[in-house]
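Colleague: I am new to this structure and should be grateful for a close look at a single part of it. Please take one strand and describe its surroundings step by step.

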Amino acid sequence: MHDINIILADRPGLGRVRMCECNSIHVSVGPVTINLDLTAFQQMATLMTAAANKLTKIHESSEDVGGNLRMFPETKSGLTH
């Protein structure tokens with residue numbers, strides 16, 4: 001078997017997405033890692049993109065006249081408790 005370890009994405013302090021020789025995609029966020037086959041990863045990426053797009057619309061509609069947000073205050077970390 002070939003030693004494959006390709007980092008597909010990395011965000012320090014948040015997580016990493018990598019592919020290994022078993023042809024799995026490993027999505028790590030904080031201490032949690034989800035192992036997915038390519039099809040499941042692509043479906044999850046589509047799901048997360050749809051959620052992010054919807055959240056953006058909700059976020060934009062929550063702005064008041066002065067441009068201040070009434071929802072979703074910014075946090076220093078990408079992780080929630």
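In the hairpin of β2 and β3, how many residues lie between the strands, and which residue takes a positive phi?

Modeller: The model is predicted, and the description that follows should be read with that in mind. Three residues lie between β2 and β3 in their hairpin, and the residue with a positive phi, near 60°, is N23. I shall take β3, which spans residues 24-29, as the part to examine.

The sheet as a whole gives the setting. It is an open sheet of four strands, arranged in the order β1-β2-β3-β4 with antiparallel pairing. Its edges are β1, residues 5-11, and β4, residues 32-37, each of which pairs on one side only. From one strand to the next, the twist averages 15°. In general terms, the strands of a sheet pair through backbone hydrogen bonds, and the pairing may be parallel or antiparallel.

On one side of β3 is β2, to which five bridges join it in an antiparallel arrangement. Here V17 has V27 of β3 as its bridge partner. On the other side, β3 and β4 also run antiparallel and are joined by six bridges. V27 takes part here as well, with I34 in β4 as its bridge partner. β3 and β4 form a hairpin too, with two residues between them, and G30 in that turn has a positive phi of about 60°.

Helix α1, residues 38-61, completes the surroundings. This helix lies across β2, β3 and β4, and runs at about 115° to β4. As for exposure, β3 is mostly covered, for five of its six residues are buried.

Two cysteines deserve a word before we leave this region. β2 covers residues 15-20, and C20 counts as buried because its relative accessible area is 8%, below the 20% limit. C22, by contrast, counts as partly exposed because its relative accessibility is 43%, which falls between the limits of 20% and 50%. A search of the whole structure finds zero disulfides.

Terms used. Residues numbered from 1 in each chain as written. Predicted model: local features only at pLDDT ≥ 70, side-chain atom pairs only at ≥ 80, totals over all residues. Heavy atoms only, no water. Disulfide = S-S within 2.5 Å. Buried < 20%, exposed > 50% of the residue type's maximum accessible area, 1.4 Å probe, protein only. Pairing = 2+ DSSP bridges. Axes fitted to C-alpha atoms, helices over the stretch in contact; angles between N-to-C directions. Contact = heavy atoms within 4.5 Å.
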